[in-house]
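Hi,

Here is the structure I promised to pass on. Have a look at it first, and then read my notes below.

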Amino acid sequence: MDYQVHTLPNGIRILLKHSPSTITHCCFVLNAGSRDEPLHQEGLAHFIEHLLFKETEKRNTSQILNRLELVGADLNAYTTKEYTCIHASLLKQHLERTMDLFEDILFHSTFPEEEMEKERGVILDEIASYLDQPEEAIQDDFEALLFKGHPIGENILGTPETVAKFDINDIKAFTAASNNTSEMIFAVFGDYDFKKVVKLGEKYFGAVAANSSKKNRIKPEINTGSIHTLNRPISQTHCIIGNQAYASNHPYKNGLLLLNNLLGGMGMSSRLNLEIREKYGIAYTIESNYTTLTDTGIFSIYFGTDTEKSEKALKLVHKELKKLRDNKLGTLQLHQAKQKFIGQIALAEESRMGLIISIAKSMIDFNHADSLEEVFAKINAVTAEDMLAISNEIFDTDRMITLLFEPNA
């Protein structure tokens, strides 16, 4: 991976991946997410992310929002279970302007009470909108079952009750406890001399006070299998089936990524799509997903269908899972699966924002980001025996959780 890294005395890292382009993509990633929130403060990390765009010691909301938009740049942010990320796409000449803004909102936000009150309302609307989308809401409810009683199972947005209670002291306590400067990285994908980027990094991030706080992340307990049905004011049945999976550093991670792509990943030729949508025509959307975390993972299969067809769809899903548990992939099947996945990964490299964020996260987690050649080598090293062992562990029916949203009677 042709990137360069410099670590500031406070621990913040500056990374450049060179690209001869007039467009720059950059991000600031913090290793702090919703799983780091104290009990009964669910949604706090996301609340803070929203407030970063509101007011700083030297800028009001309008000045923050216009700082990049006035030069045609795009600014956004998001919160996950383990990270907070601010990112921007901009013309090459506006990098310093962007770094100035990032430093200001990340380290000089004032979190005024009136803005906090406004943002509560915005987030309550966001929570309500997710509840109106069963394909989104079912994922949150599924994760709550999969990690019952653990912070990973809590909704990133929080609840109306928790969001209503946040105050400035909660924000200060969370940032002090979670924002370790050695777990922060500013990453740039663009056409610059590395020395110039480092110099700008020193100018804007060098004076940030070092923070060596340690997180108290506890690995979740292994789940047991269960089936749950909930009634909702919807017109279709929505279903999600899944299990806890491998952490980001597990030797079987790449095997499960490959298996997930074969089963229900991108494209129309996945096994689930061919069987359930193309052959029987009983689901418009059917997909599988595998998300890695630092000490666990999430594997799930989702589909939505007419209620009278849901039982058949569920049986067909289990039929495909049983095939993978019982039968080792043939040499040609495995080769084709690898070629398809490798090609999709190569194409995904064209999403430069996604790539630079991925590199930044890898640097935080592993202090290294694999090159494409290293990624491909790991995928090609997966054996049919690996795929069979993974299938029997992750698709174990005694451990899989099934959640159905059924229409109200």
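**The sheet and what lies around it**

Let's start with the sheet: six strands make up an open one, in the order E1-E2-E6-E3-E5-E4, and the pairing in it is mixed. The edge strands are E1 (3-7) and E4, each of which has a pairing partner on one side only. Going from one strand to the next, the twist averages 15°. Keep in mind as you click around that this is a predicted model.

Strand E5 (residues 84-91) is a good place to zoom in. How much of E5 is buried? 7 of its 8 residues are, so to speak, tucked away: the strand is mostly covered. On one hand, E5 pairs with strand E3 (residues 23-30) in the antiparallel sense, over 8 bridges. If you want to find that pairing on screen, look for cysteine 27, which stands opposite histidine 87 in E5. E5 also pairs with strand E4 (residues 74-79), again antiparallel, over 6 bridges. Here you can look for leucine 75, whose bridge partner in E5 is alanine 88. To get from E4 to E5, the chain goes through a hairpin with 4 residues in the link. One general thing to remember while you look at side chains: in a regular strand they alternate between the two faces of the sheet.

Now for a parallel pair. Strand E2 (residues 13-18) and strand E6 (residues 184-190) run parallel and are joined by 6 bridges. Arginine 13 is one residue to look for, with isoleucine 185 as its bridge partner in E6.

Two helices lie across the sheet strands. Helix H8 (residues 194-205) lies across E1, E2, E3 and E6, and runs at about 150° to E2. Helix H13 (residues 352-366) lies across E1, E2, E3, E4, E5 and E6, at about 35° to E3.

**A pocket to look at**

The second largest pocket has a volume of about 490 Å³. It is lined by 26 residues, and the closest to its centre are Leu106, Phe107, Thr175, Ala176 and Asn179. Which helices each supply at least two residues of this lining? They are helix H1 (44-51), helix H3 (95-107) and helix H7 (168-178). H7 gives the largest share, with 6 residues. As for the kinds of residue in the lining of this second largest pocket, there are 17 nonpolar, 7 polar and 2 charged.

Have fun exploring!

Definitions and conventions:
Residues are numbered from 1 along each chain as its sequence is written. This is a predicted model: local features need pLDDT of at least 70, side-chain atom pairs count only at pLDDT 80 or more; totals for chains, interfaces and linings use all residues. Side-chain values use heavy atoms; hydrogens and water are left out. Buried means under 20% relative accessible area, exposed over 50%, partly exposed in between (1.4 Å probe, protein chains only). Two strands pair if DSSP finds at least two bridges between them. Axes are lines fitted to C-alpha atoms, for helices over the stretch in contact, and angles run from 0 to 180 degrees between N-to-C directions. Contact means heavy atoms within 4.5 Å. On a 1 Å grid over the protein atoms alone, a cavity is a set of points where a 1.4 Å probe fits but cannot get out, and a pocket is an open set with protein on both sides within 12 Å along at least five of seven lines; lining residues have an atom within 4 Å of a point. Grid points are joined across faces, edges and corners, and a volume is the space filled by probe spheres set on the points. Ala, Val, Leu, Ile, Met, Phe, Trp, Tyr, Cys and Pro count as nonpolar, Asp, Glu, Lys and Arg as charged, and the others, Gly among them, as polar.
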